[in-house]
Amino acid sequence: MSASRPSLSTGDFVAALSLPDAAGESWDLSQQSIAHLHRVLVFSPLPDPSALAAAETRARENGAMLVLILAAAPDGGPDAAPPRLFDPESQLSQMLGLSRGGCAVLTARGKIGFVGDGPEALEEALESLPPVAPSVLRSVPAPVLIIPEILEPALVSTLLRHWQKGEKTRDRVASAEGAAATGSGIKRRTDVGLDDRTLYETFAERLKRRVLPEMMRAFRFRAASFEPPRIGCYDAADAGAFGAHRDNRTPFTRHRRFALSLNLNTHGSDYEGGTLCFPEFGPDRYAPEAGGGAVFCCDLLHEAQPVTRGRRFAIFTFFTDAEGAQAEQALIRSRTAAGEGGMALR
Ligand SMILES: O=C(O)CCC(=O)C(=O)O
Ligand SMILES: [Fe+2]
């Protein structure tokens, strides 16, 4: 059997996943009765029954459940706990690179949280489960979708290096007069476009696997395109900030639907200040950790507060839907006709 490259890896979002149960009926791994649990998928060959029983107890204590995935045809056997699902063509195990056995965790959030093979895989999968968090009574949160761990640390470092060596533009904002006027005073930030083709494609792949499916789930929003991403630096040296604004209030930005602000370093350790807030919804502040981002509707008033120590780095883009993409294309054509080039990919 040829081992194809895994198409699902840690951090990827899984929109839907069903396999036949013992009776051959389709069993949905995200059905509403279990979607709040982390699902520890144990692929055959299975550990011995006593190890499985101990693992089941530990999983339960950690807000998780075991699901056994057997590389065989449905055997018509009785319903059992843990549930037994069948993957006769090894499709799922191959997607995860586990055709010789191992474990994966599908988190409550709907992402692959762990993939591992070898004799310690079950133990490692259980270790990877996050501690059960106490529930918090929320005050008045803004309708913002926080997505942790969109980018892995190595990619974050590569993006930061790209900013260091890239061509820098200061304080550019879209205005009624021009697509990129400067000096309005609202924005103190130094940007570098993501003009490296390989890096752009890697970033686009992360958006496709880890951001777009979450936007579909939370907002039923289908993105048709996104703007060329920019890496920005807000520096405490000039109290770097982006004052309160909406992202779609000019002829050049009207097509925008959702914004992504994805942090490349971490509030508290790397910088102070620089938090994102949504003043229409109260004083709460948002600061996803490095690699994580905030997605919000471009109509919402928002502000990046002044950085008071260090430098805050983040990468930004804006999504639009099919209708907005048509308007955006018309805009790009008229700007090209007027001799205003967009960003060229290298
Ligand atoms: O710094 C941020 O997180 C927000 C940036 C922003 O609002 C923008 O680029 O339009
Ligand atoms: Fe904005």
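## Exercises on a predicted model

**Exercise 1.** How many bridges join strand β16 to β22, and how do the two strands run?

*Solution.* Start with strand β16, residues 241-245. Two bridges join β16 to β22. The two strands run antiparallel. Now look across the pair: His245 stands opposite His302 in β22. Keep in mind that this is a predicted model.

**Exercise 2.** Place this pair in its sheet: in what order do the five strands lie, and which stand at the edges?

*Solution.* The order is β12-β16-β22-β19-β20. The sheet is open, and its pairing is antiparallel. Next, go to the edges. There stand β12 (187-188) and β20 (285-286). Each has a single partner strand, so one side of each is left without a neighbour in the sheet.

**Exercise 3.** List the residues around ligand 1, then sort them by character.

*Solution.* First, the list: Phe242, Asp247, Ser261, Leu276, His302, Ala304, Ala314 and Phe316. Second, the elements: β22 (302-304) and β23 (307-320) each give two or more residues to this shell. Third, the character: five residues are nonpolar, two polar and one charged. His302 links this exercise to the first, being around ligand 1 and opposite His245.

**Exercise 4.** Which residues does UniProt list for "domain: Fe2OG dioxygenase", and what share of the span is helix or strand?

*Solution.* The UniProt record, an unreviewed entry, lists residues 225-322. That span is 1% helix and 49% strand. Its end C-alpha atoms lie 8 Å apart.

**Exercise 5.** What confidence values does the predictor give?

*Solution.* Take the protein: its mean pLDDT is 93, and 94% of its residues reach 70 or more. Then take the complex: the ipTM is 0.99 and the pTM is 0.90.

Notes
Residues numbered from 1 in each chain as written. Chains lettered and ligands numbered in written order. Predicted model: local features only at pLDDT ≥ 70, side-chain atom pairs only at ≥ 80, totals over all residues. Near = placed C-beta within 6 Å. Helix = DSSP H or I, 4+ residues; strand = E, 2+ residues; numbered from the N terminus. Nonpolar A, V, L, I, M, F, W, Y, C, P; charged D, E, K, R; others polar. Pairing = 2+ DSSP bridges. UniProt positions renumbered as here; feature names shortened; annotations may be inferred. pLDDT = per-residue confidence, 0-100.
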